[in-house]
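Got the viewer open? Keep the selection box handy, and we'll go stop by stop.

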Amino acid sequence: MGIGIKNTKNGYGSIAIFLHWLMAVLIIALIILGLYMVKLPDVGFNIQKIVLILWHKEVGMVVLALASVRLGWRLNNIIPIYRPMFLSGKNLLPDASI
Ligand code: HEM
């Protein structure tokens, strides 16, 4: 069974998965860039540093915008049934036999 665009009760659709991983990559990039920025020496006016900060702000605002897109997508889609993926074999939950 392939993955559709929208979520189904059996799993997330391609848009939700794409938004999830896009935000994951951007947030990790922001953290790495932010930590790098604050380590740079304070040398007064420095074009390279300013460019990095502008990129950081830009990506930060994109992440904020994407968060609302994601929220909107989530509110307008079915949420798949929760199934713990890492418990192979016997499920520890009481309703596992259903
Ligand atoms: C999810 C992670 C992050 C997001 C979404 C984010 C987002 C942003 C945004 C939108 C701004 C602009 C704020 C403004 O202009 O008032 C900003 C500024 C800044 N961020 Fe981040 N940030 C993140 C992580 C980090 C981390 C981990 C650090 C460093 C430890 C960091 C360091 C900074 C600094 C130093 C500025 C100010 C730059 C300036 O002087 O204008 N950020 N960030």
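Start with the ligand and select what surrounds it: of the 13 residues there, Leu30, Ile31, Gly34, Lys57 and Gly60 come nearest. Here a residue is near a molecule or strand if its C-beta atom, placed from the backbone, lies within 6 Å of it. Before going on, note that this is a predicted model, where local features need pLDDT of at least 70, side-chain atom pairs count only at pLDDT 80 or more, and totals for chains, interfaces and linings use all residues. For typing selections, residues are numbered from 1 along each chain as its sequence is written.

Now colour that shell by residue class. You should get 9 nonpolar, 3 polar and 1 charged. The classes go like this: Ala, Val, Leu, Ile, Met, Phe, Trp, Tyr, Cys and Pro count as nonpolar, Asp, Glu, Lys and Arg as charged, and the others, Gly among them, as polar.

Which helices supply at least two residues each of the shell around the ligand? Select 14–39 for H1 and 47–75 for H2, and you have them. H1 gives the most, with 7 residues. (Helices are DSSP runs of H or I, at least four residues, and strands are runs of E, at least two, numbered from the N terminus.)

Keep both helices on screen and look at how they pack. Their axes come within 10 Å and cross at roughly 155°, which makes H1 roughly antiparallel to H2. Axes are lines fitted to C-alpha atoms, for helices over the stretch in contact, with angles running from 0 to 180 degrees between N-to-C directions. Angles under 35 degrees count as roughly parallel, over 145 as roughly antiparallel, 65 to 115 as roughly perpendicular and the rest as oblique. The crossing of H1 and H2 is left-handed, meaning that the near helix is turned anticlockwise from the far one by less than a right angle (clockwise would be right-handed).

Next, hide everything but H2. Its 29 residues reach 42 Å from first C-alpha to last, close to the 42 Å expected at 1.5 Å a residue; the expected span is 1.5 Å times one less than the number of residues. H2 is hardly covered, with a buried count of 0. Buried takes 20 or more other C-beta atoms within 10 Å of a residue's own, exposed 12 or fewer, and partly exposed falls in between, with C-beta atoms placed from the backbone.

Stay on H2 and pick Leu66. Leu66 is partly exposed, with 15 other C-beta atoms within 10 Å. Bring back Leu22: the two are 44 residues apart in sequence but 9.0 Å apart in space, C-alpha to C-alpha.

Move along to Leu71, also in H2. Leu71 counts as exposed because it has 10 C-beta neighbours inside 10 Å. Its C-alpha is 10.0 Å from that of Ala16, and 55 residues separate the pair in sequence.

Last stop, Ala24 in H1. Ala24 is exposed, with 10 other C-beta atoms within 10 Å. Draw a C-alpha distance to Val63 and you get 9.4 Å, across 39 residues of sequence.
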